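Reader: I should like to learn how pockets and aromatic contacts are read from a model. Where should one begin?

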Amino acid sequence: MIKRTTLFLSLASALAVSAADSPMLAIPGDVIFEAKLDAAPAAPWKAAKGKWEAVDGVMRGSELPEDKHGAVIRLPNKLTDFVMEYEFKFEGARTTSLSINAVKDHMARIAITPNSVAFQKDDNDHEGPDKAVVFARLKADLKPGTWHKVRLEMVGDQMLGQVDDLIACGSAALFATPKMAPGFTVGGQSVDFKNFSIRSA
């Protein structure tokens, strides 16, 4: 039996409780966008870096060495409160993430490797005083070739992320601002994706 753990960490405090006793932040509402990801990505998806293609009925992202940057693909959506879900599996890559931008620069992400999952507020200004804040970094065993489920909820100034049975949440004032351009990143080769959806919260 897998032990389920929830971590809550605000910028000032932390609390760990059983996931069974901790509800999700939101009830999914109307569909904003959904895609099976069973074909090569086309509009409205925009691939900024890397190679994105259809392989065996799913979308595959791979980093290109000449880019000197992880593969990135995003949607143009501007969001308020939302629930986002999808499935992924490692096919050789060393890392992947679900990334959400702010109006300017990055906002938040779930960063995933085969051995760990990190839930974080991103650095929003790079050259300014703002810093990334990791709410939780949990050990994982995400085997290549195995599908895993991801869920991200952002409501007001809070986010809650889940990868399989690993759950964490945190808060930041930045999260209460408009959320932009949700997307995936891939470091290395390759990660497969399917069954993506965004719903209002």
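Author: Begin with residue classes: Ala, Val, Leu, Ile, Met, Phe, Trp, Tyr, Cys and Pro count as nonpolar, Asp, Glu, Lys and Arg as charged, and the others, Gly among them, as polar. This is a predicted model, in which local features need pLDDT of at least 70 and side-chain atom pairs count only at pLDDT 80 or more, while totals for chains, interfaces and linings use all residues. Residues are numbered from 1 along each chain as its sequence is written, and side-chain values use heavy atoms, without hydrogens or water.

Reader: How do the residues lining the largest pocket divide among these classes?

Author: On a 1 Å grid over the protein atoms alone, a pocket is an open set of points where a 1.4 Å probe fits, with protein on both sides within 12 Å along at least five of seven lines; lining residues have an atom within 4 Å of a point. Here the lining of the largest pocket comprises three nonpolar, eight polar and four charged residues.

Reader: What is known of the aromatic pairs?

Author: Rings of Phe, Tyr and Trp (its six-membered ring) pair if their centres lie within 6.5 Å; planes under 30 degrees apart are stacked, over 60 edge-to-face and the rest tilted. The count is 13 aromatic pairs. Among them, Phe88 and Phe90 meet edge-to-face, 5.5 Å centre to centre with 90° between the planes. Both Phe88 and Phe90 are buried (under 20% relative accessible area, with exposed over 50% and partly exposed in between; 1.4 Å probe, protein chains only). One aromatic cluster includes Phe88, Phe90, Trp45 and Trp52.

Reader: Is Ser190 buried or exposed?

Author: Ser190 is buried, at 7% relative accessible area. Its contacts (heavy atoms within 4.5 Å) include Phe90 and Arg60, leaving aside residues up to four places away in sequence.
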